[in-house]
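Reader: I'm new to this one and would like a close look at a single part: the place where the two chains meet. Could you walk me through it and what surrounds it?

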Number of protein chains: 2
Amino acid sequence: VSEASGEVVRRLWELFQERRWDDAALRLADDFVADWPHTGERMRGRDNDIELNRNYPEPWSIEVRRVVASGDEAALEAAVSHPGGISHAAGFYTVRDGKIARATEYWVDARSQEPPAWRARWVETIE
Amino acid sequence: VSEASGEVVRRLWELFQERRWDDAALRLADDFVADWPHTGERMRGRDNDIELNRNYPEPWSIEVRRVVASGDEAALEAAVSHPGGISHAAGFYTVRDGKIARATEYWVDARSQEPPAWRARWVETIE
């Protein structure tokens with residue numbers, strides 16, 4: 001079960017990268033729901049999620065960095081390159097009957113937040 | 001092994017919440033490294049990480065929402081409440097000999113990004 005959940009999530013992202021939208025849709029439950037807390041957006045239903053992604057302004061390229069899965073749960077870390085830079089995605093997924101039923105994804109652009117001065121003494125800057 | 005990795009990561013966050021900094025330090029490898037891609041910051045070494053967290057401006061309260069783990073890898077989803085609102089954390093961890101050796105954490109404030117108009121037709125607003 002562990003590998004199955006991680007593999008279906010990894011496959012979804014690979015199919016997005018290949019712009020194989022109809023095949024990607026097969027990995028989502030009909031009543032799939034995805035939340036993006038950073039914007040307060042919710043994609044309700046497989047079709048809304050696929051259409052949003054299909055219409056995401058090009059160009060962009062996904063690099064899946066890590067998948068961790070156990071039982072029905074999976075987490076995926078990815079970096080998406082686009083003309084504006086790199087956006088990082090951290091997603092948490094629940095898989096049901098081999099399809100993704102629920103997602104919560106956090107998206108944040110690289111270096112989009114200014115490091116506060118108070119903690120500078122304990123950090124380095126990533127090259 | 002699966003449970004062990006997830007449990008040490010969950011315990012770290014619980015000990016942070018309890019402000020038990022010395023006990024939290026015991027869960028980190030001496031050469032622990034944590035990256036925050038959203039700010040371009042790197043905490044190198046257990047002591048730097050603990051001191052940064054110990055000095056994080058109060059008040060704040062952690063709610064761990066999910067832990068997914070397999071083998072040496074774990075992912076944790078948390079929400080941190082503070083006077084400015086809610087910050088979401090999504091962390092990916094590598095555990096070695098029962099201690100956390102490596103972390104990549106993404107932090108993003110709730111509703112800190114404006115939803116683009118082009119995708120409004122496929123989304124709802126989270127209550």
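Author: Here is a tour of the contact between the chains, followed by the strands and loops around it.

Keep in mind that this is a predicted model. Let's start with the overall tally. On the chain B side, 50 residues are in contact with 50 residues of chain A. Putting the two chains together buries about 4,500 Å², and carbon and sulfur atoms give 60% of that area. Within chain B, the residues that lose the most area to chain A are Phe92(B), Trp122(B) and Ile126(B), which together make up 16% of what that side buries.

Next come the polar links. There are 24 residue pairs in polar contact between chain B and chain A, counting pairs with both residues at pLDDT 80 or more. The elements of chain B that give two or more residues to the side touching chain A are β1 (28-36), β2 (41-44), α3 (46-54), β3 (61-70), β4 (73-82), β5 (85-96), β6 (99-109) and β7 (124-125). Sorted by class, that side of chain B has 24 nonpolar, 13 polar and 13 charged residues. As for salt bridges, six of them cross the interface of chain B and chain A. In a salt bridge between Arg66(B) and Glu73(A), the side chains meet at 2.8 Å, N to O.

The chains also share a sheet. Strand β2 of chain A, residues 41-44, pairs with β7(B) in the antiparallel sense, over two bridges. If you want a spot to click on, try Glu41(A), whose bridge partner in β7(B) is Thr125(B). Zoom out and you'll find an open sheet of seven strands with mixed pairing, in the order β3(A)-β4(A)-β5(A)-β6(A)-β1(A)-β2(A)-β7(B). Its edge strands are β3 (61-70) of chain A and β7 of chain B, each of which pairs on one side only.

Now follow that sheet into chain A. Strands β5 (residues 85-96) and β6 (residues 99-109) of chain A run antiparallel and are joined by 10 bridges. Along this pair, Thr94(A) stands opposite Arg102(A) in β6(A). Helix α3 of chain A, residues 46-54, lies across β1 (28-36) and β2 of chain A, and runs at about 60° to β1(A). Chain A has three helices and seven strands in all, and from the N terminus on its elements run α-α-β-β-α-β-β-β-β-β. Its C-alpha atoms fill a box of roughly 50 × 35 × 25 Å along the principal axes.

Over in chain B, have a look at β3(B) and β4(B), which run antiparallel and are joined by nine bridges. One of the pairings here sets Ile62(B) against its bridge partner Val80(B) in β4(B). The hairpin of these strands has two residues between them, and Gly71(B) takes a positive phi near 60° there.

Finally, a few backbone details. The peptide bond from Glu58(A) to Pro59(A) is cis, with omega near 0°, and Pro59(A) lies in the loop between α3 and β3 of chain A. Chain B has a cis peptide bond joining Glu58(B) and Pro59(B), with omega about -5°; Pro59(B) is in the loop between α3 and β3 of chain B. Arg111(A) is a residue other than glycine with a positive phi, near 50°, and you'll find Arg111(A) in the loop between β6 and β7 (124-125) of chain A.

Definitions and conventions:
Residues are numbered from 1 along each chain as its sequence is written. Chains are lettered from A and ligands numbered from 1 in the order in which they are written. This is a predicted model: local features need pLDDT of at least 70, side-chain atom pairs count only at pLDDT 80 or more; totals for chains, interfaces and linings use all residues. Side-chain values use heavy atoms; hydrogens and water are left out. Contact means heavy atoms within 4.5 Å. Buried area is the accessible area (1.4 Å probe) that two parts lose on being put together, summed over both. A salt bridge is a side-chain nitrogen of Lys or Arg within 4 Å of a carboxyl oxygen of Asp or Glu. A polar contact is a pair of N or O atoms within 3.5 Å; within protein, one must be able to donate a hydrogen and the other to accept it, and residues adjacent in sequence count only if both atoms are side-chain atoms. Helices (H or I, at least four residues) and strands (E, at least two) are DSSP runs, numbered from the N terminus. Ala, Val, Leu, Ile, Met, Phe, Trp, Tyr, Cys and Pro count as nonpolar, Asp, Glu, Lys and Arg as charged, and the others, Gly among them, as polar. Two strands pair if DSSP finds at least two bridges between them. Axes are lines fitted to C-alpha atoms, for helices over the stretch in contact, and angles run from 0 to 180 degrees between N-to-C directions.
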